[in-house]
Amino acid sequence: MKKIAIFALAILLVGNVVFASGSQETAKAPKALKVMLSEEPSSEDALLNTLKEWASETGNTLDVMVIPYEDQLTKFPLMARNKDLPDLIATTRLARLYPDEFADLSKNIDISIFEPMAVEIIVDSYATKKIANILPQQFTITNVFYNKDAFDRVGLSAPTVDDPWSFEELAANAKLLQEKGGVKYGMAMDSSRARYDNLMYANGGSMVEKRGESFAVTINSPQNIATLEEFVRWNNSFMPKAIWAGGTTDNPADYFKNGDVGIYFSGTWNYNSFYTQIKNINWGVMPSPVGSAGPSAILGGSGLAVPVNAKNKDLAVDFLKWFYTKENFQNYLNRDKGLSSLVGVTYSPADKQVAEDYKILQSEVAKVTKAFSVDESSLWRNYYDNEYRDAMRQAVNGDISPAKALNDFAALLSKKSSWPLKY
Amino acid sequence: MKRSSQLSKVFWPSFWTFVVAAAMVFPIVWLVFSSFKQTGELFSYPLRMFPTEWTASHYAKVINDGFFGYVFNSLFLAVVGTLITLVISSMCGYALAIYRFDVSYTNLIFGIFLLGTLIPGETLTVPQVAVISELGLYNNIWGVILPVVTTTTGIFMFRQQYLSIPLSFVEAARIDGSNEAQTFFHVMLPLGTSSTVTLAIFSFMWRWNDYILPLLVLSEQRKYTIQIAIKNYIGFNGVDWSSILAASVMSMVPIIILFIILQRHIIGGLSASGIKG
Amino acid sequence: MKTHHAKRHVVAFWLFIAPCLILFSVFFLLPLILSVGFSFTNYDGWKTMDFIGLSNYGELIKDIKFYQALGRTFGYTLFSLPFKVIVPLLIALLLCSKRVAIKSLGRTMVYIPSLLSSLVVGITINWMFSAEYGLVNYIIQSSGGTPLEWALNPRLATFVISFASNWASTGFYMVIFIGGINNIPADLYEAASIDGSSGLQTFFHITIPMLAPTTFLVTLLSTVNLLKEYALVQGITQGGPGLNTTFIIQFIFDKGFNQMQYGYASAISLLVMIIFALIAYFQFKLSNGGEQK
């Protein structure tokens, strides 16, 4: 085999001399920051524009590369093994899955400048060891958008922060909107567990519970099964069922933008794109509804991480130091129109409507539950994210009962994690 | 001589041909028109074939995102990959056919190559990329070209072609004093033309449409190919449909043009082994 | 003298096949061997790789989801196969008819979908069959019908993938059939027409039997390609609704890449490969290898 490999190598070398044009341009300009994103950024992309501003201010250049989100898990280990990593990565999960590959940034940047909540969600829960191998960039929270035109048609007014809807009111109003509000679907929800799980937490359920230093699996508790049963009924009655049953690559954000949805459960990251893109309907944000145990919201977000083996590690750190100054972060936040992860920096919209919406979005932050924090700290997702999605899909599609879906998934999670089952 | 002057005899079959052909290209035509619609119109009822307001802005955006660079990379990959495929497949197919009486194990070797079509290639991606990295071909266009240039289809096509050629041709050349390589080049290569064109278009098409291997092997945006560029518009939180449609349409154009230029030879190539030989 | 020649021919043979054989060995057989090795480990695609003997295989034969995915794959293949073979055959016959005036244009148009990448095919088909903004549902609705739930009904979802797969391969198989039809000696038809056989009789007694080797080739190729269907599924249904279109390759990908069980995924791949090889072998035997004449 070795001989064959050497022979092949010889052929390659000859080939490289003949067709040199495609490959020998690896030499880099001395100060180019290589940044990895998960999708082709739009022209309004807040991070990219901030990076550009940094580049023009400091005279450095940018080398942006995109690796599609769903292919990152395949691609990243290869890049790491080939010591070919970008200098800066904007990511939601890579630092959590490959903690050792990222540099501890707490040496360069004082972690206390960040909102404690953002640190807890983006920084702490990602690293298994208590190091800061990622810093908060976009701090997001789940929230609810609504179609004002549809609400007006049925004479419904949106709930207020002090008086949110219960799940029963939500269901009744969604039904009403679908029947008389001129929308195709009363309500829609992103096909992401972080949307559904809010219902679970609000009804007092959780994925796991703490047992000393370890955990016990509680995902198949009676109240969780009841929540899922209710959710399946909602899907059959006034939601675009295909989104949660699978079978489509559609994104419900498109339905909402198009005016086909009355109430849309998504997250703050959509605010900016809705603000710039939606022209043909009036829309707003409303506080999330309350379940039997209270409200729930899920925080999340992406962070910036610097690989240990990055070529221009120092340049990336330079950027981060620049980025997290109050002035520059403020500029970034004004572009992003999202929540702030930096203490003392807030987004204060000039537009009156945006300012009002922003108040509602911020009120969601207080709704994050303890159960969610415990679930996150268990890192259960590292085991069986996909299996959970599949269990939900089958239940919503009616292939298996909600009880079976959750029982089977609980058994699987327990086996893989060796946490005991509670139910 | 049999051609009837009656119009109806020609009309109905031609009519059905037209219906079938139109049905086959219709989804593409629809896609092309959609790519000129305003983003808002893409999802609004009533659906219309033609845009109410034509716009080329999506194309401008995609081009602005560096699409021509990706086109160049894909072209390089497809052209060089195809050239190598043609040379090595014709050599291999030739050897498997012409030396079948000299070498007793040609069928065994052919069988090993056939194994290549049975295995779901995608499932071997991970070890394959490991090998590519070990050879130092990571982030190198050759790491995308070399692993895929051996195609069983190509070897098969050339083998069939050369099987149909009488061995006396070869003997005649040898008696004239050609060595084996000269025999191959001077006598055999011209005979393989129709297979060559057919395999060329297939190979070009495969390389042009490759996705997973370029994605895994190339790690600089400026080395990306068009298929990766299209996929990059599918984000985690949303899909940039307008850009995807424009990029898809632009990715089709070169390959369709190439096909139209070469299409006569393709049908010929696949039928050549029999009566034409 | 003779042995000298023979030896020279053997050397020439090896030199001629060397480039293909070397590249094939390095980039295909070697990964295959590595994959066999992985299947005996708990490799996670990252840093863990311990030898765990046959336990991946032990787990696999007990994995109900594996059998379900395999079953769906077979169901899909059996459903789609007749269309994959018959539709291109009929179109090829039509396009070889002497009575068709626009042959070359017709062939080109039928072939064009075969030129597209799976990614683009998926996008195009979504644009047609999307339950919300798809053209097909729009037409059904405009003509007073109830829109079909393409994404929710398991049968319809499978149909859409099958349709996409067919659409994208018809041109390719048509070309192979046209090659086969052109290879049928013209004197056979002349003899038949002298014997006074009707068009239909000629079709069943000459065209169909003479096309047997071509039909075999198309059947074999489409079977293998249907069993391997992956990219289209990913682009159109993502395996849903529920798990109703999660076929075996996607199952392997989910295990390997998304859940980082490369060892287990390798074990599944190998088993699946053996099953595919057996299917191809039986098809080969049943049809007598599709031997030419």
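This report walks through chain A and its two domains, then the contacts between chains.

The model is predicted: local features need pLDDT of at least 70, side-chain atom pairs count only at pLDDT 80 or more, and totals for chains, interfaces and linings use all residues. Residues are numbered from 1 along each chain as its sequence is written, while chains are lettered from A and ligands numbered from 1 in the order in which they are written.

Let's start with chain A. It has 18 helices and 10 strands; helices (H or I, at least four residues) and strands (E, at least two) are DSSP runs, numbered from the N terminus. The C-alpha trace of chain A spans about 70 × 55 × 45 Å along its principal axes. Of its 423 residues, 48% count as buried, where buried means that 20 or more other C-beta atoms, placed from the backbone, lie within 10 Å of the residue's own. Two residues are in contact if their C-beta atoms, placed from the backbone, lie within 7 Å. Among the contacts in chain A with a separation of 6 or more, 77% join residues 24 or more positions apart.

Chain A is assigned two domains, domain 1 (29-133 + 300-363) and domain 2 (142-298 + 368-417), with bounds from an automatic or database domain assignment. Their centres, taken over C-alpha atoms, are 27 Å apart. Where they meet, 12 residues of domain 1 are in contact with 17 residues of domain 2. Helix α15 (residues 352-365) of chain A gives the largest share of the domain 1 side, four residues.

Next come the chains. Between chain A and chain B, 35 residues of chain A and 31 residues of chain B take part in the contact. On the chain A side, α1(A) gives the most, with six residues. Between chain B and chain C, 70 residues of chain B are in contact with 69 residues of chain C. Here α1(B) gives the most to the chain B side, with 16 residues.

The table sets out the classes for three of these sides. Ala, Val, Leu, Ile, Met, Phe, Trp, Tyr, Cys and Pro count as nonpolar, Asp, Glu, Lys and Arg as charged, and the others, Gly among them, as polar.

| Side | Nonpolar | Polar | Charged |
|---|---|---|---|
| Domain 1 of chain A, touching domain 2 of chain A | four residues | four residues | four residues |
| Chain A, touching chain B | 14 residues | 13 residues | eight residues |
| Chain B, touching chain C | 48 residues | 16 residues | six residues |

Terms used
A residue is buried if 20 or more other C-beta atoms lie within 10 Å of its own, exposed if 12 or fewer, and partly exposed in between; C-beta atoms are placed from the backbone.
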